[in-house]
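Trainee: I should like to take a close look at a single part of this model. Would you please examine one buried position and then relate it to its surroundings in the chain?

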Amino acid sequence: MNVIISLLAVIVLGVIAYVGVEGAGLRVLFGVIIPYAAVLTFFVGMVYRVIDWAKSPVPFRIPTTAGQEKSMPWIKPQPIENPSTRGGAIVRMILEVALFRSLFRNMKLDFRQGPKVRYSSEKFLWLFAILFHYSFLVTLLRHLRFFTDPIPAWVVGLESIDSMFKVEVMTPVIEIGLPALLLSGLVLGGMATLLLVRRLWIPQVRYISLPADYFPLWLIIGIAITGILMRYVIRVDVVGIKELTMGLATLSPALPDGVSGWFFVHLFLVSVLFAYFPFSKLTHMAGVFLSPTRNLVNNSRAVRHVNPWMTEPVKYHTYAAYEDDFRELMVEAGLPVDKELEPEDESADDKGEKE
């Protein structure tokens with residue numbers, strides 16, 4: 001049901017945009033006001049989330065257990081898995097952001113007959129995720145050709161690499177050519193679909209999935225489909241689209257005639273994704289840089305870290321004092337104690353009985 005609700009939400013958004021432009025003529029709303037509001041929401045929301053995370057106190061180091069911490073000279077530490085220097089932490093962050101290193105080590109657990117617990121690698125999740133993120137990045141960078149004039153050379157070069165596969169038949173009799181196949185758009189839609197299928201296919205993942213997990217995937221699939229339709233199926237006015245996007249980028253919006261309603265559907269879905277970003281788990285894009293288990297060095301055995309706001313002496317209740325208070329109850333409950341109960345004085349009992 002959650003996946004259907006999310007799909008219907010994306011379909012309704014697309015219908016609203018198409019009917020709003022083609023039926024009600026709300027081109028200013030969907031072509032200018034909503035895109036500007038979405039971009040403003042994205043930047044304000046992301047800045048707010050980052051500042052809120054940065055203000056969260058981290059009074060002590062949070063080491064990971066992926067590698068040996070630096071301690072005795074005869075114990076070999078893991079300088080990247082468990083770094084004790086700033087350089088090691090930077091290398092760990094670069095590997096995490098660029099290669100999704102922790103996801104590469106992700107394991108899955110299942111039960112076999114016996115019952116037996118089996119741990120196995122889950123490399124397909126890492127492969128889907130890294131292809132999805134890099135194709136998303138290439139698609140975003142490639143779209144800069146619509147917001148720049150002249151187009152930077154590196155954007156032209158990136159698009160040339162992205163469109164290296166072309167379908168052309170050029171003979172003296174027949175000349176057939178299709179627009180170059182952009183791999184990033186194809187991979188983006190394909191990987192988003194595979195991530196969606198994974199959520200539906202694995203029972204444990206499907207059980208914990210909410211509409212908030214399906215909605216961004218459907219939204220990205222919808223953006224990819226509308227983009228592919230405009231490139232290969234539906235004829236659109238590319239010159240008019242360039243004029244519209246350049247007007248948005250230069251804060252002098254213009255709405256040329258002839259731009260298809262499908263472009264406004266594409267633009268509206270992108271705007272919804274931008275506005276939705278800061279309020280969803282998609283903000284892990286920025287949160288990964290503020291993760292204490294990744295950006296902090298683990299030098300707890302070399303440096304004594306003092307809680308910075310612990311200015312007043314604190315009266316501690318030690319375990320020895322705790323056991324003195326509750327030793328009889330702990331022994332009665334069968335709990336282990338460091339100090340046994342003192343034997344009762346039998347002579348005092350005998351004296352009491354005689355009296």
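Mentor: Two residues are said to be in contact when heavy atoms of theirs lie within 4.5 Å. With that term in hand, and noting that this is a predicted model, let us turn to Thr-245. This residue belongs to helix H10, which covers residues 238-249. Its relative accessibility is 5%, so Thr-245 counts as buried, the cut-off for that class being under 20%. Once the neighbours within four places in sequence are set aside, Thr-245 is in contact with Phe-146, Phe-147 and Phe-263.

Consider next where these partners belong. Helix H11 spans residues 261-276, and Phe-263 is one of the partners of Thr-245. The loop between H10 and helix H11 contains Leu-251. Leu-251 has a phi near 60°, a positive value in a residue that is not glycine. Its relative accessible area is 67%, and Leu-251 is therefore exposed, whereas Thr-245 is buried.

The other two partners, Phe-146 and Phe-147, lead us to the loop between helix H5 (123-142) and helix H6 (153-162), where Pro-150 is found. The peptide bond that runs from Asp-149 to Pro-150 is cis, and its omega is near 5°.

A useful comparison with Leu-251 is Phe-100, which sits in the loop between helix H3 (86-99) and helix H4 (101-104). Phe-100 also is a residue other than glycine with a positive phi, here near 55°. Its relative accessible area is 16%, so Phe-100 is buried, while Leu-251 is exposed.

Further along, strand E1 (residues 107-112) pairs with strand E2 (residues 116-121) in the antiparallel sense, over 6 bridges. Within this pairing, Asp-110 has Arg-118 of E2 as its bridge partner. The hairpin has 3 residues between its strands, and Gly-114 there takes a positive phi near 145°.

Finally, place these details in the whole chain. Its secondary structure amounts to 15 helices and 4 strands. Of the 355 residues, 32% are buried, and Thr-245 is one that counts as such. Among contacts between residues at least 6 apart in sequence, 61% join residues at least 24 apart. The radius of gyration is 31 Å, where a compact globule of 355 residues would have one near 20 Å. Along the principal axes, the C-alpha atoms fill a box of roughly 125 × 55 × 50 Å.

Terms used:
Residues numbered from 1 in each chain as written. Predicted model: local features only at pLDDT ≥ 70, side-chain atom pairs only at ≥ 80, totals over all residues. Heavy atoms only, no water. Helix = DSSP H or I, 4+ residues; strand = E, 2+ residues; numbered from the N terminus. Rg over C-alpha atoms; globule rule 2.2 N^0.38 Å. Buried < 20%, exposed > 50% of the residue type's maximum accessible area, 1.4 Å probe, protein only. Pairing = 2+ DSSP bridges.
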